[in-house]
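Here is a short briefing on one structure. Helix packing, the ligand shell and backbone geometry are taken in turn.

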Amino acid sequence: MKTLSRRQFLRTTALTTVAAGLSARSWSQVAGANSDIRVAVVGFRSQGSSHLASMKGLPGVRLTALCDVDAQLLAEKARQYEGVETHTDIRKLLESKNVDALSIATPNHWHALATIWAVQAGKDVYVEKPVSHNVWEGRQMVAAARKYSKIVQTGTQSRSSQQGIRQAVEWVKAGNLGKINIARGLCYKRRDSIGKTTGPATVPANVDYDLWCGPAPLEQPRRNGKFGPVHYDWHWFWAYGSGDLGNQGIHQMDIARWFLGENQLAPRVLSLGGRLGYTDDAETPNTQIVYQEYAAAPLIFEVRGLPQKTDAKDMDKYKGGSVAVIIECEGGYVLVPNYTGATAHDKDGKEIMKWSGAENHHANFFKAVRSRKPGDLNADILEGHLSSALCHTGNISYRLGALKAPEEIKEAIKNQQGLDDTFGRMAEHLAANGVKLETDKIRLGLPLNFDPKTEQFTGNTAANGMLKRTYRAPFIVPEKV
Ligand SMILES: NC(=O)c1ccc[n+]([C@@H]2O[C@H](COP(=O)([O-])OP(=O)(O)OC[C@H]3O[C@@H](n4cnc5c(N)ncnc54)[C@H](O)[C@@H]3O)[C@@H](O)[C@H]2O)c1
(Lines give C-alpha, C1' and ligand atoms only; values in the text may rest on other atoms or scores of the structure.)
Protein backbone atom coordinates (compact mmCIF):
# COMPACT_ATOMS: atom_id res chain seq x y z
CA MET A 1 0.00 0.00 0.00
CA LYS A 2 1.26 3.46 -0.86
CA THR A 3 1.94 5.49 2.27
CA LEU A 4 1.02 9.14 2.37
CA SER A 5 3.39 11.79 3.67
CA ARG A 6 1.97 13.89 6.48
CA ARG A 7 1.60 16.77 4.01
CA GLN A 8 -0.34 14.65 1.52
CA PHE A 9 -2.42 13.34 4.35
CA LEU A 10 -3.30 16.87 5.44
CA ARG A 11 -4.26 17.69 1.90
CA THR A 12 -6.31 14.64 1.04
CA THR A 13 -8.17 13.72 4.19
CA ALA A 14 -11.54 15.19 5.00
CA LEU A 15 -11.72 17.35 8.08
CA THR A 16 -12.50 15.09 10.98
CA THR A 17 -12.14 17.22 14.04
CA VAL A 18 -14.77 19.81 14.60
CA ALA A 19 -13.34 21.77 17.43
CA ALA A 20 -16.04 24.43 17.61
CA GLY A 21 -17.23 25.00 21.13
CA LEU A 22 -14.11 23.54 22.76
CA SER A 23 -12.71 25.27 25.80
CA ALA A 24 -9.17 26.63 25.52
CA ARG A 25 -7.91 23.72 27.59
CA SER A 26 -9.65 20.99 25.56
CA TRP A 27 -8.63 22.67 22.29
CA SER A 28 -4.98 22.09 23.07
CA GLN A 29 -5.47 18.74 24.79
CA VAL A 30 -7.82 17.08 22.33
CA ALA A 31 -6.16 14.01 20.85
CA GLY A 32 -7.15 15.19 17.38
CA ALA A 33 -7.13 13.34 14.11
CA ASN A 34 -3.91 12.78 12.25
CA SER A 35 -5.12 15.30 9.72
CA ASP A 36 -5.13 18.13 12.28
CA ILE A 37 -2.87 21.06 11.46
CA ARG A 38 -0.72 21.55 14.56
CA VAL A 39 -0.04 25.21 15.27
CA ALA A 40 2.36 27.18 17.45
CA VAL A 41 1.70 30.82 18.35
CA VAL A 42 4.83 32.94 18.67
CA GLY A 43 4.56 36.15 20.72
CA PHE A 44 1.21 36.71 22.41
CA ARG A 45 1.20 39.62 24.85
CA SER A 46 -1.47 41.24 22.74
CA GLN A 47 -2.06 40.40 19.06
CA GLY A 48 -0.89 36.80 19.41
CA SER A 49 -3.74 36.33 21.90
CA SER A 50 -6.12 37.46 19.14
CA HIS A 51 -4.55 34.77 16.95
CA LEU A 52 -5.37 32.19 19.61
CA ALA A 53 -8.96 33.46 19.73
CA SER A 54 -9.43 33.48 15.96
CA MET A 55 -8.01 29.96 15.52
CA LYS A 56 -9.90 28.37 18.37
CA GLY A 57 -12.82 26.41 17.01
CA LEU A 58 -11.50 26.16 13.47
CA PRO A 59 -12.06 22.59 12.31
CA GLY A 60 -8.96 20.43 12.07
CA VAL A 61 -6.67 22.95 13.73
CA ARG A 62 -4.94 22.21 17.02
CA LEU A 63 -2.69 24.34 19.23
CA THR A 64 0.40 22.31 20.14
CA ALA A 65 2.99 24.91 21.18
CA LEU A 66 3.47 28.41 22.56
CA CYS A 67 6.60 30.52 22.28
CA ASP A 68 7.33 33.86 23.95
CA VAL A 69 10.52 35.43 25.25
CA ASP A 70 8.63 36.73 28.28
CA ALA A 71 8.69 33.77 30.69
CA GLN A 72 5.91 35.22 32.81
CA LEU A 73 3.53 35.63 29.87
CA LEU A 74 4.49 32.16 28.67
CA ALA A 75 3.72 30.56 32.04
CA GLU A 76 0.38 32.38 32.29
CA LYS A 77 -0.69 31.34 28.81
CA ALA A 78 0.50 27.76 29.26
CA ARG A 79 -1.84 27.45 32.26
CA GLN A 80 -4.78 28.20 29.92
CA TYR A 81 -3.62 25.73 27.26
CA GLU A 82 -2.54 22.76 29.30
CA GLY A 83 -0.49 20.13 27.51
CA VAL A 84 1.11 22.41 24.91
CA GLU A 85 4.86 22.62 24.47
CA THR A 86 6.37 25.88 25.70
CA HIS A 87 9.49 27.59 24.39
CA THR A 88 11.21 30.94 24.91
CA ASP A 89 13.62 30.41 22.01
CA ILE A 90 12.03 30.07 18.57
CA ARG A 91 14.99 27.94 17.43
CA LYS A 92 13.97 25.26 19.96
CA LEU A 93 10.36 25.53 18.83
CA LEU A 94 11.44 24.96 15.23
CA GLU A 95 13.07 21.67 16.21
CA SER A 96 9.70 20.36 17.37
CA LYS A 97 8.17 17.55 15.32
CA ASN A 98 4.86 18.47 16.88
CA VAL A 99 4.27 21.65 14.88
CA ASP A 100 3.15 22.13 11.25
CA ALA A 101 2.54 25.88 11.21
CA LEU A 102 3.53 29.04 13.08
CA SER A 103 1.30 32.02 13.78
CA ILE A 104 3.72 34.87 14.47
CA ALA A 105 2.87 38.06 16.37
CA THR A 106 6.26 39.17 17.64
CA PRO A 107 7.46 42.75 17.18
CA ASN A 108 8.22 43.67 13.55
CA HIS A 109 12.01 43.32 13.69
CA TRP A 110 11.60 39.56 14.22
CA HIS A 111 9.03 38.83 11.49
CA ALA A 112 11.37 38.13 8.58
CA LEU A 113 13.91 36.03 10.43
CA ALA A 114 11.26 33.99 12.26
CA THR A 115 9.40 33.37 8.99
CA ILE A 116 12.50 32.41 7.01
CA TRP A 117 13.77 30.08 9.73
CA ALA A 118 10.30 28.53 9.97
CA VAL A 119 9.91 27.78 6.27
CA GLN A 120 13.46 26.41 6.20
CA ALA A 121 12.39 24.09 9.05
CA GLY A 122 9.43 22.91 6.95
CA LYS A 123 6.64 24.94 8.59
CA ASP A 124 3.92 27.09 7.06
CA VAL A 125 3.56 30.59 8.48
CA TYR A 126 0.93 33.21 9.27
CA VAL A 127 2.94 36.38 10.00
CA GLU A 128 1.72 39.70 11.27
CA LYS A 129 1.92 42.95 9.39
CA PRO A 130 4.13 44.70 8.55
CA VAL A 131 5.79 41.48 7.40
CA SER A 132 9.22 43.09 7.44
CA HIS A 133 11.37 45.67 9.15
CA ASN A 134 13.01 46.69 5.88
CA VAL A 135 12.44 46.25 2.15
CA TRP A 136 15.24 43.74 1.51
CA GLU A 137 14.19 41.23 4.14
CA GLY A 138 10.59 41.31 2.88
CA ARG A 139 11.80 40.21 -0.55
CA GLN A 140 13.87 37.47 1.14
CA MET A 141 10.67 36.20 2.79
CA VAL A 142 8.97 35.90 -0.59
CA ALA A 143 12.01 34.05 -1.98
CA ALA A 144 12.08 31.65 0.98
CA ALA A 145 8.35 30.90 0.78
CA ARG A 146 8.71 30.03 -2.92
CA LYS A 147 11.94 28.07 -2.59
CA TYR A 148 10.61 25.80 0.17
CA SER A 149 7.04 25.70 -1.30
CA LYS A 150 5.56 26.93 1.94
CA ILE A 151 2.33 28.76 2.57
CA VAL A 152 2.95 32.20 4.05
CA GLN A 153 -0.01 34.43 4.87
CA THR A 154 0.28 38.12 5.82
CA GLY A 155 -1.79 39.34 8.79
CA THR A 156 -3.64 42.00 6.78
CA GLN A 157 -7.07 40.64 7.59
CA SER A 158 -8.95 43.11 5.34
CA ARG A 159 -7.86 40.93 2.44
CA SER A 160 -10.30 38.31 3.73
CA SER A 161 -13.20 40.72 3.29
CA GLN A 162 -14.26 38.91 0.13
CA GLN A 163 -17.92 39.96 0.11
CA GLY A 164 -17.02 43.43 1.33
CA ILE A 165 -13.82 45.15 0.24
CA ARG A 166 -12.99 42.77 -2.62
CA GLN A 167 -16.38 43.45 -4.24
CA ALA A 168 -15.72 47.18 -3.98
CA VAL A 169 -12.29 46.74 -5.57
CA GLU A 170 -13.83 44.81 -8.50
CA TRP A 171 -16.58 47.40 -8.87
CA VAL A 172 -14.09 50.26 -9.12
CA LYS A 173 -11.89 48.23 -11.46
CA ALA A 174 -14.90 47.74 -13.76
CA GLY A 175 -14.95 51.53 -14.19
CA ASN A 176 -18.18 52.29 -12.35
CA LEU A 177 -16.78 55.58 -11.00
CA GLY A 178 -14.45 56.29 -13.91
CA LYS A 179 -10.72 56.61 -13.48
CA ILE A 180 -9.07 56.72 -10.03
CA ASN A 181 -7.59 60.17 -9.34
CA ILE A 182 -6.08 59.49 -5.91
CA ALA A 183 -5.99 56.42 -3.64
CA ARG A 184 -5.88 57.87 -0.15
CA GLY A 185 -5.05 56.03 3.05
CA LEU A 186 -5.89 57.62 6.40
CA CYS A 187 -4.56 56.69 9.80
CA TYR A 188 -6.09 59.30 12.08
CA LYS A 189 -5.61 57.36 15.30
CA ARG A 190 -4.85 58.88 18.72
CA ARG A 191 -1.31 58.27 19.86
CA ASP A 192 -0.36 59.84 23.17
CA SER A 193 3.07 60.81 24.37
CA ILE A 194 4.90 57.78 25.78
CA GLY A 195 6.59 60.00 28.35
CA LYS A 196 10.23 60.75 28.89
CA THR A 197 12.84 58.73 30.74
CA THR A 198 15.99 60.20 32.22
CA GLY A 199 18.23 57.26 31.25
CA PRO A 200 18.21 53.63 30.14
CA ALA A 201 15.40 51.58 31.69
CA THR A 202 15.87 48.24 33.45
CA VAL A 203 14.52 45.21 31.60
CA PRO A 204 12.36 42.93 33.79
CA ALA A 205 14.06 39.63 34.67
CA ASN A 206 11.23 37.60 33.10
CA VAL A 207 12.12 38.87 29.60
CA ASP A 208 14.99 37.22 27.71
CA TYR A 209 16.14 40.54 26.30
CA ASP A 210 18.89 39.14 24.11
CA LEU A 211 16.22 37.09 22.30
CA TRP A 212 13.76 39.99 22.31
CA CYS A 213 16.32 42.19 20.51
CA GLY A 214 17.22 39.39 18.11
CA PRO A 215 18.39 40.98 14.83
CA ALA A 216 18.40 44.50 16.38
CA PRO A 217 21.29 45.92 18.41
CA LEU A 218 21.41 44.76 22.03
CA GLU A 219 20.82 48.12 23.67
CA GLN A 220 19.08 48.91 26.93
CA PRO A 221 15.65 50.41 26.22
CA ARG A 222 15.20 54.16 26.52
CA ARG A 223 11.50 54.16 27.19
CA ASN A 224 9.28 53.27 30.11
CA GLY A 225 5.70 54.21 29.26
CA LYS A 226 2.50 52.46 30.28
CA PHE A 227 3.61 49.19 28.62
CA GLY A 228 6.96 49.23 30.46
CA PRO A 229 10.42 49.33 28.91
CA VAL A 230 10.00 46.39 26.50
CA HIS A 231 6.54 45.68 25.12
CA TYR A 232 4.42 47.57 22.60
CA ASP A 233 6.10 51.02 22.54
CA TRP A 234 8.89 49.58 20.37
CA HIS A 235 6.55 50.58 17.50
CA TRP A 236 7.85 54.14 17.91
CA PHE A 237 11.58 53.30 17.58
CA TRP A 238 13.29 52.73 14.23
CA ALA A 239 15.36 49.78 15.44
CA TYR A 240 12.20 47.67 15.86
CA GLY A 241 9.13 49.41 14.42
CA SER A 242 8.07 51.73 11.62
CA GLY A 243 5.79 54.22 13.36
CA ASP A 244 2.04 54.25 12.92
CA LEU A 245 2.54 54.16 9.16
CA GLY A 246 3.74 50.54 9.47
CA ASN A 247 1.55 49.75 12.47
CA GLN A 248 -2.09 50.70 11.84
CA GLY A 249 -1.28 52.38 8.52
CA ILE A 250 -0.07 49.27 6.71
CA HIS A 251 -3.65 47.95 6.68
CA GLN A 252 -4.90 51.04 4.83
CA MET A 253 -1.76 51.21 2.68
CA ASP A 254 -2.50 47.67 1.57
CA ILE A 255 -6.16 48.36 0.77
CA ALA A 256 -5.24 51.51 -1.17
CA ARG A 257 -2.69 49.57 -3.24
CA TRP A 258 -5.26 46.80 -3.76
CA PHE A 259 -7.69 49.31 -5.33
CA LEU A 260 -4.94 50.71 -7.53
CA GLY A 261 -4.08 47.19 -8.73
CA GLU A 262 -0.37 48.04 -8.45
CA ASN A 263 1.78 44.92 -8.12
CA GLN A 264 5.09 46.59 -7.57
CA LEU A 265 6.54 49.48 -5.59
CA ALA A 266 6.11 53.06 -6.78
CA PRO A 267 8.83 54.66 -8.94
CA ARG A 268 8.94 57.82 -6.83
CA VAL A 269 8.29 58.58 -3.18
CA LEU A 270 8.24 61.62 -0.92
CA SER A 271 7.28 61.92 2.73
CA LEU A 272 7.05 64.74 5.27
CA GLY A 273 5.92 65.18 8.86
CA GLY A 274 7.17 65.18 12.42
CA ARG A 275 6.65 64.09 15.99
CA LEU A 276 4.73 67.14 17.04
CA GLY A 277 2.55 68.44 19.87
CA TYR A 278 4.57 66.81 22.66
CA THR A 279 8.13 65.80 23.48
CA ASP A 280 8.77 62.23 24.54
CA ASP A 281 11.24 59.36 24.19
CA ALA A 282 9.98 58.10 20.83
CA GLU A 283 11.57 58.59 17.40
CA THR A 284 8.91 57.99 14.73
CA PRO A 285 6.61 60.74 13.44
CA ASN A 286 3.09 61.04 14.86
CA THR A 287 2.08 63.22 11.91
CA GLN A 288 3.11 62.20 8.40
CA ILE A 289 2.23 62.30 4.74
CA VAL A 290 3.60 59.78 2.25
CA TYR A 291 3.25 60.39 -1.46
CA GLN A 292 3.75 57.24 -3.52
CA GLU A 293 3.80 58.46 -7.10
CA TYR A 294 2.44 55.60 -9.20
CA ALA A 295 2.08 56.39 -12.90
CA ALA A 296 -1.69 55.87 -13.10
CA ALA A 297 -2.65 57.69 -9.89
CA PRO A 298 -0.82 58.63 -6.69
CA LEU A 299 -1.27 56.82 -3.40
CA ILE A 300 -1.35 59.48 -0.69
CA PHE A 301 -1.09 58.38 2.92
CA GLU A 302 -1.86 60.53 5.95
CA VAL A 303 -0.96 59.75 9.57
CA ARG A 304 -2.35 61.88 12.40
CA GLY A 305 -1.79 60.88 16.01
CA LEU A 306 -3.09 64.14 17.49
CA PRO A 307 -6.83 64.77 17.98
CA GLN A 308 -9.10 67.26 16.17
CA LYS A 309 -7.81 70.07 18.38
CA THR A 310 -6.03 70.55 21.70
CA ASP A 311 -7.70 68.49 24.46
CA ALA A 312 -10.35 67.07 22.08
CA LYS A 313 -11.25 63.38 22.31
CA ASP A 314 -12.37 62.94 18.70
CA MET A 315 -10.11 62.47 15.72
CA ASP A 316 -10.42 64.33 12.42
CA LYS A 317 -12.50 62.85 9.63
CA TYR A 318 -12.06 63.19 5.89
CA LYS A 319 -14.98 62.22 3.65
CA GLY A 320 -16.38 60.23 6.60
CA GLY A 321 -13.21 58.27 7.45
CA SER A 322 -10.60 58.40 10.22
CA VAL A 323 -8.81 55.06 9.91
CA ALA A 324 -9.93 54.49 6.37
CA VAL A 325 -9.24 54.37 2.67
CA ILE A 326 -10.81 56.78 0.22
CA ILE A 327 -10.60 56.04 -3.46
CA GLU A 328 -11.23 59.34 -5.19
CA CYS A 329 -12.46 58.81 -8.73
CA GLU A 330 -13.74 60.92 -11.61
CA GLY A 331 -17.37 60.11 -10.75
CA GLY A 332 -17.30 60.01 -6.94
CA TYR A 333 -15.46 58.04 -4.29
CA VAL A 334 -15.36 54.78 -2.36
CA LEU A 335 -14.92 54.85 1.40
CA VAL A 336 -13.46 51.85 3.24
CA PRO A 337 -13.98 52.75 6.90
CA ASN A 338 -13.07 49.40 8.47
CA TYR A 339 -11.71 45.90 7.71
CA THR A 340 -14.98 44.42 6.47
CA GLY A 341 -16.84 46.66 4.05
CA ALA A 342 -17.06 49.73 1.84
CA THR A 343 -19.52 52.27 0.47
CA ALA A 344 -19.55 54.11 -2.85
CA HIS A 345 -20.62 57.74 -3.10
CA ASP A 346 -21.44 60.03 -5.98
CA LYS A 347 -19.79 63.42 -6.43
CA ASP A 348 -22.24 64.97 -3.95
CA GLY A 349 -21.36 62.42 -1.28
CA LYS A 350 -24.63 60.47 -1.63
CA GLU A 351 -24.22 56.75 -0.91
CA ILE A 352 -24.90 54.74 -4.06
CA MET A 353 -23.50 51.27 -3.21
CA LYS A 354 -22.62 49.29 -0.10
CA TRP A 355 -20.68 46.05 0.44
CA SER A 356 -19.95 44.09 3.62
CA GLY A 357 -18.73 40.71 4.80
CA ALA A 358 -15.49 39.06 5.86
CA GLU A 359 -14.07 35.57 6.34
CA ASN A 360 -11.81 34.42 9.15
CA HIS A 361 -8.31 35.26 7.89
CA HIS A 362 -6.73 32.34 9.76
CA ALA A 363 -9.32 29.98 8.24
CA ASN A 364 -8.20 31.18 4.81
CA PHE A 365 -4.59 30.42 5.82
CA PHE A 366 -5.46 26.86 6.84
CA LYS A 367 -7.41 26.32 3.63
CA ALA A 368 -4.21 27.07 1.69
CA VAL A 369 -2.13 24.95 4.07
CA ARG A 370 -4.35 22.03 3.07
CA SER A 371 -4.51 22.76 -0.66
CA ARG A 372 -0.76 23.64 -0.81
CA LYS A 373 -1.69 26.48 -3.21
CA PRO A 374 -0.38 29.99 -2.36
CA GLY A 375 -3.05 31.18 -4.82
CA ASP A 376 -5.71 30.19 -2.27
CA LEU A 377 -4.35 32.76 0.16
CA ASN A 378 -6.14 36.08 0.40
CA ALA A 379 -2.90 37.78 1.55
CA ASP A 380 0.08 35.89 0.19
CA ILE A 381 3.48 37.04 1.49
CA LEU A 382 4.15 38.90 -1.78
CA GLU A 383 1.20 41.22 -1.08
CA GLY A 384 2.48 41.69 2.47
CA HIS A 385 5.98 42.47 1.24
CA LEU A 386 4.81 45.10 -1.27
CA SER A 387 2.49 46.96 1.10
CA SER A 388 4.97 46.82 4.00
CA ALA A 389 7.70 48.10 1.67
CA LEU A 390 5.54 51.11 0.69
CA CYS A 391 5.67 52.08 4.37
CA HIS A 392 9.43 51.54 4.52
CA THR A 393 10.25 53.60 1.41
CA GLY A 394 8.02 56.39 2.79
CA ASN A 395 9.91 56.30 6.07
CA ILE A 396 13.27 56.33 4.28
CA SER A 397 12.31 59.51 2.42
CA TYR A 398 11.15 61.05 5.71
CA ARG A 399 14.28 60.09 7.64
CA LEU A 400 16.61 61.54 5.00
CA GLY A 401 14.83 64.89 5.09
CA ALA A 402 15.47 68.18 6.86
CA LEU A 403 13.40 70.60 8.95
CA LYS A 404 11.81 73.28 6.78
CA ALA A 405 9.52 76.27 7.12
CA PRO A 406 5.98 75.83 5.71
CA GLU A 407 6.60 78.17 2.78
CA GLU A 408 9.58 76.10 1.64
CA ILE A 409 7.50 72.94 1.86
CA LYS A 410 4.65 74.45 -0.15
CA GLU A 411 7.10 75.48 -2.85
CA ALA A 412 8.73 72.03 -2.95
CA ILE A 413 5.47 70.09 -3.36
CA LYS A 414 3.43 72.45 -5.53
CA ASN A 415 3.46 70.35 -8.68
CA GLN A 416 2.37 67.05 -7.18
CA GLN A 417 -1.26 66.13 -7.73
CA GLY A 418 -3.22 66.34 -4.49
CA LEU A 419 -0.20 66.87 -2.26
CA ASP A 420 -0.50 70.62 -1.67
CA ASP A 421 -4.10 70.23 -0.55
CA THR A 422 -3.15 67.30 1.72
CA PHE A 423 -0.36 69.37 3.27
CA GLY A 424 -2.72 72.34 3.71
CA ARG A 425 -5.17 70.18 5.68
CA MET A 426 -2.32 68.77 7.76
CA ALA A 427 -1.10 72.28 8.58
CA GLU A 428 -4.63 73.30 9.70
CA HIS A 429 -4.86 70.17 11.85
CA LEU A 430 -1.53 70.94 13.51
CA ALA A 431 -2.48 74.58 14.09
CA ALA A 432 -5.67 73.38 15.84
CA ASN A 433 -3.38 71.43 18.16
CA GLY A 434 -1.27 74.46 18.97
CA VAL A 435 1.68 73.43 16.79
CA LYS A 436 3.41 76.47 15.31
CA LEU A 437 4.94 75.38 12.03
CA GLU A 438 7.17 78.43 11.73
CA THR A 439 9.01 77.48 14.93
CA ASP A 440 8.31 73.74 15.45
CA LYS A 441 8.98 73.04 11.77
CA ILE A 442 8.20 69.99 9.72
CA ARG A 443 10.65 67.52 8.26
CA LEU A 444 10.48 67.58 4.48
CA GLY A 445 11.72 64.23 3.23
CA LEU A 446 13.92 63.64 0.21
CA PRO A 447 12.13 62.95 -3.06
CA LEU A 448 13.50 59.56 -4.08
CA ASN A 449 13.40 57.66 -7.35
CA PHE A 450 12.97 53.91 -7.08
CA ASP A 451 13.42 51.09 -9.54
CA PRO A 452 10.57 48.64 -8.85
CA LYS A 453 12.32 45.86 -10.76
CA THR A 454 15.48 45.84 -8.65
CA GLU A 455 13.80 47.26 -5.54
CA GLN A 456 16.64 49.76 -5.22
CA PHE A 457 16.62 53.55 -5.18
CA THR A 458 18.30 55.17 -8.13
CA GLY A 459 21.04 57.70 -7.48
CA ASN A 460 20.96 57.74 -3.69
CA THR A 461 23.44 55.62 -1.76
CA ALA A 462 22.18 56.71 1.66
CA ALA A 463 18.64 55.66 0.79
CA ASN A 464 19.84 52.32 -0.57
CA GLY A 465 21.72 51.75 2.68
CA MET A 466 18.40 51.96 4.52
CA LEU A 467 16.74 49.21 2.47
CA LYS A 468 18.46 46.66 4.69
CA ARG A 469 19.70 46.56 8.28
CA THR A 470 22.91 45.35 9.88
CA TYR A 471 21.89 42.10 11.56
CA ARG A 472 23.26 41.10 14.95
CA ALA A 473 24.77 37.61 14.89
CA PRO A 474 23.45 34.97 15.16
CA PHE A 475 20.11 36.61 14.23
CA ILE A 476 20.97 37.15 10.58
CA VAL A 477 18.50 37.06 7.72
CA PRO A 478 20.42 34.99 5.16
CA GLU A 479 21.52 36.48 1.83
CA LYS A 480 20.78 33.14 0.23
CA VAL A 481 17.60 31.67 1.62
N1 LIG B 1 -3.34 42.45 12.25
C2 LIG B 1 -3.66 43.32 13.19
O3 LIG B 1 -4.73 43.92 13.19
C4 LIG B 1 -2.69 43.60 14.29
C5 LIG B 1 -3.13 44.23 15.47
C6 LIG B 1 -2.18 44.47 16.48
C7 LIG B 1 -0.85 44.11 16.30
N8 LIG B 1 -0.46 43.52 15.14
C9 LIG B 1 0.96 43.14 14.93
O10 LIG B 1 1.28 42.11 15.85
C11 LIG B 1 2.64 42.20 16.25
C12 LIG B 1 2.71 42.21 17.76
O13 LIG B 1 2.10 43.37 18.26
P14 LIG B 1 1.73 43.52 19.81
O15 LIG B 1 0.99 44.78 19.93
O16 LIG B 1 1.09 42.26 20.28
O17 LIG B 1 3.21 43.69 20.43
P18 LIG B 1 3.67 43.40 21.94
O19 LIG B 1 5.00 43.99 22.10
O20 LIG B 1 2.60 43.80 22.86
O21 LIG B 1 3.76 41.80 22.00
C22 LIG B 1 4.76 41.10 21.34
C23 LIG B 1 4.98 39.77 22.02
O24 LIG B 1 6.01 39.06 21.33
C25 LIG B 1 6.94 38.54 22.29
N26 LIG B 1 8.22 38.36 21.61
C27 LIG B 1 9.15 39.29 21.27
N28 LIG B 1 10.17 38.72 20.60
C29 LIG B 1 9.90 37.39 20.54
C30 LIG B 1 10.57 36.27 19.99
N31 LIG B 1 11.74 36.40 19.37
N32 LIG B 1 10.00 35.05 20.13
C33 LIG B 1 8.83 34.90 20.78
N34 LIG B 1 8.13 35.93 21.31
C35 LIG B 1 8.66 37.15 21.19
C36 LIG B 1 6.93 39.56 23.40
O37 LIG B 1 7.43 39.04 24.61
C38 LIG B 1 5.44 39.90 23.47
O39 LIG B 1 4.74 38.96 24.25
C40 LIG B 1 3.18 43.47 15.60
O41 LIG B 1 3.92 43.15 14.47
C42 LIG B 1 1.94 44.25 15.24
O43 LIG B 1 2.16 45.08 14.10
C44 LIG B 1 -1.35 43.24 14.16
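The crossing of helix 6 and helix 7 is left-handed. The model is predicted. Its ligand is surrounded by 28 residues. Two cis peptide bonds are also covered below, one from Lys129 to Pro130 and one between Ala473 and Pro474.

**Helix 6 against helix 7**

- Two packed helices are described by the angle between their axes and the distance between the axes.
- Helix 6 spans residues 111-120 and helix 7 spans residues 135-147.
- Their axes come within 9 Å and cross at roughly 15°.
- Angles under 35 degrees count as roughly parallel, so helix 6 and helix 7 are roughly parallel to each other.
- From helix 6, the contact takes in Ala112, Thr115, Ile116, Val119 and Gln120.
- Facing them in helix 7 are Glu137, Gly138, Gln140, Met141, Ala144 and Ala145.
- The residues of this contact divide into six nonpolar, four polar and one charged.

**Ligand shell**

- Of the 28 residues around the ligand, the closest are Gly43, Arg45, Ser46, Gln47 and Glu128.
- Helix 3 (47-55) supplies at least two residues of the shell, and so does helix 9 (209-213).
- By class, the shell holds 12 nonpolar, 11 polar and five charged residues.

**Cis peptide bonds**

- Most residues other than glycine have a negative phi, and most peptide bonds are trans.
- The bond from Lys129 to Pro130 is cis, with omega near -20°.
- Pro130 sits in the loop between strand 5 (124-127) and helix 7.
- Ala473 and Pro474 are joined by a cis bond with omega about 5°.
- Pro474 belongs to the segment after helix 16 (461-465).

**Positive phi outside glycine**

- Arg372 is not a glycine, yet its phi is positive, at about 65°.
- The loop between helix 11 (361-371) and helix 12 (381-399) holds Arg372.
- Is Arg372 buried, exposed or partly exposed? Arg372 counts as partly exposed, because it has 15 C-beta neighbours inside 10 Å.
- Glu455 also has a positive phi, near 55°, and is a residue other than glycine.
- Glu455 lies in the loop between strand 17 (448-451) and strand 18 (456-457).
- With 18 C-beta neighbours inside 10 Å, Glu455 counts as partly exposed. A buried residue would need 20 or more.

Note on methods
Residues are numbered from 1 along each chain as its sequence is written. This is a predicted model: local features need pLDDT of at least 70, side-chain atom pairs count only at pLDDT 80 or more; totals for chains, interfaces and linings use all residues. Axes are lines fitted to C-alpha atoms, for helices over the stretch in contact, and angles run from 0 to 180 degrees between N-to-C directions. Helices (H or I, at least four residues) and strands (E, at least two) are DSSP runs, numbered from the N terminus. Angles under 35 degrees count as roughly parallel, over 145 as roughly antiparallel, 65 to 115 as roughly perpendicular and the rest as oblique. A crossing is left-handed if the near helix is turned anticlockwise from the far one by less than a right angle, and right-handed if clockwise. Two residues are in contact if their C-beta atoms, placed from the backbone, lie within 7 Å. Ala, Val, Leu, Ile, Met, Phe, Trp, Tyr, Cys and Pro count as nonpolar, Asp, Glu, Lys and Arg as charged, and the others, Gly among them, as polar. A residue is near a molecule or strand if its C-beta atom, placed from the backbone, lies within 6 Å of it. A residue is buried if 20 or more other C-beta atoms lie within 10 Å of its own, exposed if 12 or fewer, and partly exposed in between; C-beta atoms are placed from the backbone.
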